Amino acid sequence: MHSYSLIAPAKINLHLEIIGDRPDGFHELVMILQSIELADRIDIQANSTESISVHANHPQVPLDKTNLAYRAAKLMCEAFPDVYNNFGGVDIIIKKNIPVAAGLAGGSANAAAVLVGINMMWELGLTQPELQNLAARLGSDIPFCISGGTAIATGRGEKLDPIQDLTNLWVVLAKYSNLSVSTAWAYQTYRQQYGNTYVSDAEKIKSRTAKLHSSPLVSAIIHKQTKEIGKLLYNDLEKVVLPEYPQVAQLRSAFAETEILGTMMSGSGPTVFALCESEKQALISKQKVKEAINDPNLDFWVTKLSSGGIQVGSTCK
Ligand code: ATP
């Protein structure tokens, strides 16, 4: 029986702009998503039973049917019932390195790894776009987590246009271990406060999308103008999360005081990241923020931008 070991990288948002409500209840978004090397490891193996089981080394990761990795396996069983009957259920083992509920798409990355892993284990031969179509049914960030790299994401976040990968830059991530922000809360609060700015007209949505494609940030990414990239980072959700969580605002200000390319909250937070030119710059920035805030609950990660999505670590028979 085959087993597969997959590497599931986290993502940060270099740009997150909310432009309106969609008929399906989600928000219409215009984003630039970026993979980073901080990653979970997902092992999957056929278990010769009918069930799907989830194991994880982190207390905040649910082990039941709400786990996104479980839901990804369930989706594959439902989409390919004959193959499922032939191979049986799967055991999923999650080794968490990505902080949970942190705005880094950890759950989505795990689900993406399960889709890729089952595609190989069951020898389905699905192409990446086919896998991404399945992924979009489960969650908006999952299609991106499959392919990774640097991409413009529109719609709910599931429509992807890869752009030239940004590599060789470093990031410091910082998150209070005792703080999490509900993604649903952040978007609802944004709707309450900024709903009057929303556009719904298809033409206007198209023109906002086109605007990002020809924006200074995309140009800076393509031309690897790292100082410009740092200055142009943007996240609409900071407008609601920072006032509600002063600790996150303080963390962002502390990074801004250090020598970095730029700083921003990732996704719905509460993780704040600092984009850096080199590992040395990242380590110095981390140390300065650590000393300035001096809180034992503040955790840091120093990692690199990554050009890849889900990678196969190893397979065995
Ligand atoms: P979002 O995609 O909403 O921005 P996030 O990156 O902020 O998510 P996740 O780490 O994906 O945060 O966790 C969000 C919630 O999803 C957690 O509180 C947890 O209960 C649930 N969850 C479900 N499956 C997983 C998983 N495999 N790993 C982590 N959390 C999971």
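Me: Which residues have the most contacts inside the largest nonpolar core?

Reply: Happy to start there! This is a predicted model, where local features need pLDDT of at least 70, side-chain atom pairs count only at pLDDT 80 or more, and totals for chains, interfaces and linings use all residues. Residues are numbered from 1 along each chain as its sequence is written, and side-chain values use heavy atoms, leaving out hydrogens and water. A nonpolar core is a set of buried Ala, Val, Leu, Ile, Met, Phe, Trp, Tyr and Cys residues joined through side-chain atoms within 4.5 Å, with buried meaning under 20% relative accessible area (1.4 Å probe, protein chains only). The largest one has 74 residues, and those with the most contacts inside it are Ile-92 and Leu-115.

Me: Which helix gives the largest share of this core?

Reply: Helices here are DSSP runs (H or I, at least four residues), numbered from the N terminus. Nine residues of the core come from one helix, spanning residues 106–121, and that is helix H3.

Me: Which residues does Leu-115 touch?

Reply: Contact means heavy atoms within 4.5 Å. Residues up to four places away in sequence are not counted, and the partners are Ala-72, Leu-75, Met-76, Leu-131, Ala-135, Leu-138, Ile-142 and Ile-146.

Me: How much of the ligand does the protein bury?

Reply: Polar contacts, meaning pairs of N or O atoms within 3.5 Å, link the two: a polar backbone atom of Gly-103 is 2.8 Å from a ligand oxygen, and a side-chain N or O atom of Asn-110 is 3.0 Å from a ligand nitrogen. Accessible areas come from the Shrake-Rupley method with a 1.4 Å probe. Taken alone the ligand exposes 610 Å², and the share buried by the protein is 76%.

Note on methods. Buried < 20%, exposed > 50% of the residue type's maximum accessible area, 1.4 Å probe, protein only. Helix = DSSP H or I, 4+ residues; strand = E, 2+ residues; numbered from the N terminus. Polar contact = N/O pair within 3.5 Å; in protein donor to acceptor, adjacent residues only side chain to side chain.
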